[in-house]
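Trainee: Could you take me through one part of this model in detail, and then set that part against the wider picture?

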Amino acid sequence: MGNRMTLFTKGFLKENPTFVLLLGMCPTLATTTSAVNGMSMGLATLFVLVMSNMVISAIAPVVPDKVHIPVYIVVIATFVTILQFVMQAFTPEMYKTLGLFIPLIVVNCIVLGRAEAFASRSGILDSALDGLGIGLGFTLSLTVIGMVREILGSGSVFGWKFISGDGMLVFVMAPGAFLALGYLMVLFNKISKKQ
Amino acid sequence: MDRLLVSPSPHLHSRTSTKVLMRDVVIALMPAVIVSVVFYGWKELLVLLTSVVSCMAVEHLVCKYLMHTRSTVGDWSAAVTGLLLALNLPYSTPWWIVLIGAVVSIGVAKMTFGGLGQNVFNPALVGRVFLLISFPTYMTHWEIPHGLFGIDAVTGSTPLGIIKEGLLQGGSTSEIMANNDYSWFDMTFANIGGTSGEVCAVAILVGFIYLCVRKVIKPWITISILATVAAVSAVFWAVDPAQFTPPLFNILSGGLLLGACFMATDYVTSPMSVKGGVIFGVGIGFITMMIRYFGSYPEGVSFAILIMNSTVPLLDRAFHQKKFGRA
């Protein structure tokens with residue numbers, strides 16, 4: 001059981017996809033303009049990650065080695081399409097905001113990376129736990145980055161504005177994403193080294 | 001015998017040190033500082049003081065609490081950054097924006113890379129561009145100077161800003177310039193809207209000549225920037241005088257002189273060799289003119305210098321300075 005627990009918790013700190021593995025940088029930089037946007041992107045990826053991890057671990061033994069990457073991509077793309085339709089139907093606002101980055105989850109290196117490195121050689125339950133842990137770690141990182149950028153850039157937390165007027169606009173733009181990510185990574189390393 | 005130091009030649013000893021060089025830059029900036037205080041009044045002095053003090057404070061605090069090394073405030077480089085940052089801001093900038101600029105200049109652009117000598121980009125310019133993008137309303141709010149004891153201030157745009165807006169509304173350059181009546185005298189001796197360091201061309205040139213005489217900076221960088229700006233704008237102006245501004249206007253307006261004399265020639269962020277320096281200067285001049293003519297911002301000197309800063313490691317590798325004693 002302890003083993004299973006570490007499978008789940010390693011995604012938060014030790015193998016945090018954003019701050020340690022540096023995977024999925026593209027959605028990390030592009031969609032974290034606010035805490036809500038970052039969290040939505042994280043949750044979307046979490047869904048795809050858990051589902052595709054489970055399916056891939058189930059079908060891995062019967063997939064011929066030569067075509068395993070196309071097969072995994074098709075599985076991942078299926079879940080992304082489902083997600084896309086669901087979001088378009090129930091959260092059209094968020095669907096518009098995240099835009100291109102939802103279909104791009106198909107080529108997110110976290111999802112394919114976990115499929116290759118973990119799900120293809122582990123059991124279904126383990127793979128689901130792994131996907132859940134990594135996905136929650138990703139969601140948490142994106143929410144934190146989004147929160148920092150939102151506080152500095154627009155002076156609000158989860159849409160609740162605490163200053164009048166604008167913040168430091170640069171944090172809503174691309175350079176701010178790099179700055180926020182860099183300094184949060186410094187902080188993350190400092191904290192995780194202490195432990 | 002342990003106390004003998006074995007080191008390779010050349011065994012030259014010179015009195016120059018970071019401290020001496022930086023003090024020379026501070027002295028060279030004094031004419032521009034004095035002129036800006038005289039023309040803009042006490043508000044400008046406040047901006048200058050806030051900037052210098054907070055730059056030095058940030059450097060001291062980062063050294064002490066984050067890097068745990070000896071404080072490097074004593075080498076004057078933070079003071080130079082503070083002065084340059086202040087000269088790059090409108091004098092009406094509120095103190096807390098100056099403070100943010102100082103934190104970004106020293107904290108982000110300089111100390112993050114490891115302090116003096118390690119930074120890729122000019123700290124003062126990073127601070128300025130950060131503020132320009134973050135607080136466009138404060139950073140493009142210019143007031144026409146009315147002197148140290150003047151009471152009424154008039155809000156006005158910079159010459160470059162006026163021309164950009166006029167062109168967007170379909171006017172022609174010569175009309176706009178005639179309507180706004182810019183005499184060359186005004187542009188040379190501080191009578192135009194702009195950041196505090198941009199107003200007086202003569203004050204900046206005096207500082208530049210002082211630095212050249214003291215051999216503190218590399219004059220070929222400045223000269224190649226100004227020559228490129230003049231050449232590029234001469235070509236465009238000759239082709240279509242209705243749409244493009246003349247060479248002398250481009251040299252005297254905006255932050256070009258301040259940038260070319262004091263920012264582009266920064267030791268750490270400019271190429272070592274003459275050839276590299278000339279290419280660096282030509283690049284800055286060209287990018288500046290492209291932004292001024294075709295970009296959405298009216299002014300592009302700071303962006304041009306930062307872009308070319310990023311090429312310095314390549315230029316240094318491509319053009320080695322010839323060493324003595326080699327066949």
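What follows is a close look at one pair of packed helices, and then at the other chain.

Mentor: Bear in mind throughout that this is a predicted model. The part I would choose is in chain B, where helix α3 (residues 77-87) of chain B packs with helix α4 (residues 95-110) of chain B at an angle of about 135°, the two axes lying 11 Å apart. Since angles over 145 degrees would be needed for roughly antiparallel and 65 to 115 would be roughly perpendicular, α3(B) and α4(B) are therefore oblique to each other. The crossing in which α3(B) passes α4(B) is right-handed. On the side of α3(B), the contact is made by B:Ala78, B:Thr81, B:Gly82 and B:Leu85, while α4(B) contributes B:Gly101, B:Ala102, B:Ser105 and B:Ile106. Sorted by class, this contact of α3(B) with α4(B) has four nonpolar and four polar residues, with no charged residues.

Turning to the contact between the chains, five residues come from chain A and four residues from chain B. The side of chain A that touches chain B has five nonpolar residues, with no polar and no charged ones.

As for chain A itself, it has eight helices and two strands, which follow the pattern α-α-α-α-α-α-α-β-β-α when read along the sequence. Its radius of gyration is 17 Å, in agreement with the value near 16 Å that a compact globule of 195 residues would have. Of those 195 residues, 41% count as buried, and among contacts in chain A with a separation of 6 or more, 75% are between residues 24 or more positions apart.

Technical notes. Residues numbered from 1 in each chain as written. Chains lettered and ligands numbered in written order. Predicted model: local features only at pLDDT ≥ 70, side-chain atom pairs only at ≥ 80, totals over all residues. Contact = placed C-beta atoms within 7 Å. Nonpolar A, V, L, I, M, F, W, Y, C, P; charged D, E, K, R; others polar. Axes fitted to C-alpha atoms, helices over the stretch in contact; angles between N-to-C directions. Helix = DSSP H or I, 4+ residues; strand = E, 2+ residues; numbered from the N terminus. Parallel < 35°, antiparallel > 145°, perpendicular 65-115°, else oblique. Left-handed = near helix turned anticlockwise from the far one by under 90°. Rg over C-alpha atoms; globule rule 2.2 N^0.38 Å. Buried ≥ 20, exposed ≤ 12 C-beta atoms within 10 Å, placed from the backbone.
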